[in-house]
Amino acid sequence: MHADAVVLDVDGVLVDVADSYRRAIIETVERRHGGTIERATIQRFKDAGGFNNDWELTDAAALFVLAREAGYAGDTAEFTDAIAAHEESGLAGGRAVLREAAERDGFDADAIEAEWDPEGVRETFQALYLGADLYREIEGGEPPFDAPGYIHDEPVILEPSTVEALQSRFSVGVLTGRPEAEAEIALERAGLSVPEDHRFTMDDWDEGKPHPHALVTLAERFGAESAAFVGDTLDDVRTAVNAAEADDSRTYHGVGVLTGGLTGESGRRKYEAEGAAAVVDSVNDLPPLLD
């Protein structure tokens, strides 16, 4: 598989976030609303599409918990399947699904929306994820409570030999849904140095994955004839597929890794169904693939 440029996602590719971001999602909903979702359900939200932003995924999970208490009859599988099938994706899709269900099941969608507090959700999430010291540094205020910070529980997946193999042979970029400050921490921990104009974070664009703008822009900046985008979700593969449709002057390869929420043969099949050019066990298998 030929590529001039390699663009890497961060979560699930460079670092393992099973006990950081995903743990923060579950515990944020529990702290805010008493109930929560199972860890496996997080992947159902990711597969549904439009949940590249984990704050918004947490919001959708919170809305589901509130809706269940109010009379929503569906389970998490029905809820996430309905989002996947809806014309709107992500959090907007979740809100629309609940409003449609409210008309059917007779619960009050307005009351659920009124009880939902996205600012409070974000504040709680950041306190859990960053811990008190980083919260003060990044958020610029006092955390709502003391926590050690799950960001410190992110094992590095990317090996130094892979960093050397990629950066010695390819233009390397980063495309992530993380805020810039949190992306910088992960990159430093992984030993990957990427100039600011070779990366896109949450702070750099509004659309988010799977919109192709960021990937196409990076390929243009590299002057690449072909680019491989490596990610751990179906939306990452969809981003490469959408980039190929938007930019016919280059070739785009979506590469899925099995070190995130998608694992094993079932994960491989899901990637392939979305048009992945390749599926690898981890990012460290990428250099031989590109030989």
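This briefing covers the sheet, the helices lying across it and the nonpolar cores. The model is predicted. It contains an open sheet of 6 strands with parallel pairing, and its largest nonpolar core has 71 residues.

**Sheet**
- The strand order is 3-2-1-4-5-6.
- Strand 3 (199-200) and strand 6 (278-280) are the edge strands; each has a single partner strand, so one side of each has no neighbour in the sheet.
- Strand 4 (residues 226-231) pairs with strand 5 (residues 251-257) in the parallel sense, over 6 bridges.
- F229 has G254, in strand 5, as its bridge partner.

**Helices across the sheet**
- Helix 10 (residues 213-222) lies across strand 1 (5-8), strand 2 (171-175), strand 3, strand 4 and strand 5, and runs at about 160° to strand 2.
- Helix 12 (residues 264-273) lies across strand 4, strand 5 and strand 6, and runs at about 155° to strand 6.

**Nonpolar cores**
- In soluble globular proteins, nonpolar side chains tend to be buried together.
- Within the core of 71 residues, L8, L14, F45 and L192 have the most contacts.
- Helix 3 (residues 54-70) gives the most to this core, with 9 residues.
- A second, separate core has 17 residues, among them A5, W205, A243 and Y252.

**Surroundings of L8**
- With neighbours within four places in sequence left aside, the contacts of L8 include L14 and L192, which are also listed with L8 among the residues with the most contacts inside the largest core.
- Other residues in contact with L8 include L166, V172, G173, V174 and L175, as well as F229, V230, V283 and L286.

Key:
Residues numbered from 1 in each chain as written. Predicted model: local features only at pLDDT ≥ 70, side-chain atom pairs only at ≥ 80, totals over all residues. Heavy atoms only, no water. Core = buried A, V, L, I, M, F, W, Y, C linked by side-chain atoms within 4.5 Å. Buried < 20%, exposed > 50% of the residue type's maximum accessible area, 1.4 Å probe, protein only. Helix = DSSP H or I, 4+ residues; strand = E, 2+ residues; numbered from the N terminus. Contact = heavy atoms within 4.5 Å. Pairing = 2+ DSSP bridges. Axes fitted to C-alpha atoms, helices over the stretch in contact; angles between N-to-C directions.
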